[in-house]
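The following note reviews how the protein chains meet one another and how they meet the DNA. The points are numbered for ease of reply.

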There are 4 protein chains.
Amino acid sequence: MTDTSVAAGQLRSLIERIERLEEEKKAIADDIKDVYGEAKANGFDTKVLRQVVRIRKQDQAERQEQEALLDLYLGALGGAAASAPDDGV
Amino acid sequence: MTDTSVAAGQLRSLIERIERLEEEKKAIADDIKDVYGEAKANGFDTKVLRQVVRIRKQDQAERQEQEALLDLYLGALGGAAASAPDDGV
Amino acid sequence: MTDTSVAAGQLRSLIERIERLEEEKKAIADDIKDVYGEAKANGFDTKVLRQVVRIRKQDQAERQEQEALLDLYLGALGGAAASAPDDGV
Amino acid sequence: MTDTSVAAGQLRSLIERIERLEEEKKAIADDIKDVYGEAKANGFDTKVLRQVVRIRKQDQAERQEQEALLDLYLGALGGAAASAPDDGV
DNA sequence: CACTGGAAAATGCCGC
DNA sequence: GCGGCATTTTCCAGTG
């Protein structure tokens, strides 16, 4: 089999996988829309709701960053004890 | 139980559902990225790849739009006379 | 003259240009609305009309995308070998 | 000439006018983009710039509303004089 | 007059 | 780090 036909097969496979995944992604996006719709039907203001979700996502990102920083500190301490920073003397 | 606490419970539930779904969505988006990465590792030009995917999506969208247009035509013909207006003489 | 007052002058000028252009844009949008209104007054179904315009726009967009894809292909072929990768054996 | 061919001619004309106007609109939108680009090249933060434009638009809308309100009041006073409300005695 | 769907604006993201 | 692309969000007109 030629290189190009191999490549063509690979290409086809890649495209199909991507398209499959994008469909799944869209399905979930639609689900999210539905939930917002349900919220609205229950009298919630979807605009505010979206803000809440956004803020919580930010908070979470911050928290993770802080944990990462903590890990860095702990790692720098050499796996041994302590929480007070070593000033290098 | 008060109305507000009921609402609070509903709100909490809605937020959780949305956040769960957004996580899933993100996971799939990451999968898609992985596939593009794999494609690139196999020597494919991801820019071309993305363009191909985009065009195929457009084709599909267009087909759907045309069907919608047909429905509109048929509806207009069935409805009364419409769409092809008479010139009032 | 200070830097900040120069910047202030520039800023004012930029804002004015943008606002002027946005006014023009709005005027044209209103014109478009008028045309749809006129169409409706002549018995045309504006929904159908809008769909037709949308489809024609899509057609055009698609044509442009395909040209872009062709450019990409040609570029990839010219660049080295790329796009159709060898399978490394 | 038949009604339908008359309608077809009208339709064609309407579509063309709409498409022409949409092109013009797009051209202006592109101009606006250019101005933002120029602003950025001069060191302005386009995000802030957009906010400024938005706020000024809101202000303007408010001012117009207040003028409309004023007109309403004046009209209610019977076209005659005065700015102090009549308490009906 | 609220709701839906579609256009436009804005933001975020990814690759170079 | 920036320009372009995709996504998201907001806005608005049309409709029942």
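1. In this predicted model, 100% of the interface residues of chain D are also interface residues in chain C, so the two copies meet through the same surface. The contact joins 27 residues of chain D to 27 residues of chain C.

2. The geometry of this pair can be stated as an operation. Chain D is superposed on chain C by a rotation of 177° with a shift of 0.2 Å along the axis, and the RMSD is 1.3 Å. This is why the pair may be described by a two-fold axis. Within chain D, the C-alpha nearest the axis belongs to D:K25, at 2.9 Å from it.

3. The area buried between chain D and chain C amounts to about 2700 Å², and carbon and sulfur atoms give 74% of it. Charged pairing is also present, with 6 salt bridges across the interface of chain D and chain C. One of them links C:E38 to D:R17, with the closest N and O atoms 3.0 Å apart. In addition, 5 residue pairs are in polar contact between chain D and chain C, both residues being at pLDDT 80 or more.

4. Which elements of chain D build the side that touches chain C? Both α1 (3–41) and α2 (46–76) of chain D supply at least two residues each. The largest share, 20 residues, comes from α1(D). By class, this side of chain D holds 16 nonpolar, 2 polar and 9 charged residues.

5. The contact between chain A and chain B should be read alongside the previous points. Chain A contributes 27 residues and chain B contributes 27 residues. Together they bury about 2700 Å², with 74% of that area on carbon and sulfur atoms. There are 6 salt bridges between chain A and chain B. Among them is the pair A:R17 and B:E38, whose closest N and O atoms lie 3.0 Å apart. The interface also has 5 residue pairs in polar contact, both residues at pLDDT 80 or more.

6. On the side of chain A that touches chain B, α1 (3–41) and α2 (46–76) of chain A each provide at least two residues. The largest share again has a single source, with α1(A) giving 20 residues. The residues of this side divide into 16 nonpolar, 2 polar and 9 charged.

7. Turning to the DNA, what part of strand F comes within 4 Å of the protein? Of the strand F atoms within that distance, 100% belong to sugar or phosphate. The surrounding residues are A:K25, A:K47, A:R50, A:R54, B:K25, B:R54, C:K33, C:K40, C:R50 and D:K40. By class, the surface near DNA strand F has no nonpolar, no polar and 10 charged residues.

8. Several phosphate contacts of strand F can be given explicitly. In the side chain of A:K47, an N or O atom is 3.1 Å from a phosphate oxygen of DNA strand F. For A:R50, a polar side-chain atom lies 3.2 Å from a phosphate oxygen of this strand. For C:K40, the distance from an N or O atom of the side chain to a phosphate oxygen of strand F is 3.4 Å. Two elements give two or more residues to the surface near strand F, namely α2 of chain A and α1 (3–41) of chain C. The largest share, 3 residues, comes from α2(A).

9. DNA strand E has B:K33, B:K40, C:K25, C:R54, D:K25, D:K47, D:R50 and D:R54 around it. Sugar and phosphate make up 100% of the strand E atoms that come within 4 Å of the protein. The surface near strand E consists of 8 charged residues, with no nonpolar and no polar ones.

10. Where do polar side-chain atoms of the protein lie relative to the phosphate oxygens of strand E? A polar side-chain atom of C:R54 is 3.3 Å from a phosphate oxygen of DNA strand E, and one of D:R54 is 3.2 Å from a phosphate oxygen of this strand. In the side chain of B:K33, an N or O atom is 2.8 Å from a phosphate oxygen of strand E. At least two residues of the surface near strand E come from α1 (3–41) of chain B, and at least two from α2 of chain D. The element that gives the most is α2(D), with 3 residues.

Technical notes: Residues numbered from 1 in each chain as written. Chains lettered and ligands numbered in written order. Predicted model: local features only at pLDDT ≥ 70, side-chain atom pairs only at ≥ 80, totals over all residues. Heavy atoms only, no water. Contact = heavy atoms within 4.5 Å. Buried area = accessible area lost by both parts, 1.4 Å probe. Salt bridge = Lys/Arg side-chain N within 4 Å of Asp/Glu carboxyl O. Polar contact = N/O pair within 3.5 Å; in protein donor to acceptor, adjacent residues only side chain to side chain. Helix = DSSP H or I, 4+ residues; strand = E, 2+ residues; numbered from the N terminus. Nonpolar A, V, L, I, M, F, W, Y, C, P; charged D, E, K, R; others polar. Least-squares fit on C-alpha atoms with pLDDT ≥ 70 in both. Near = heavy atom within 4 Å.
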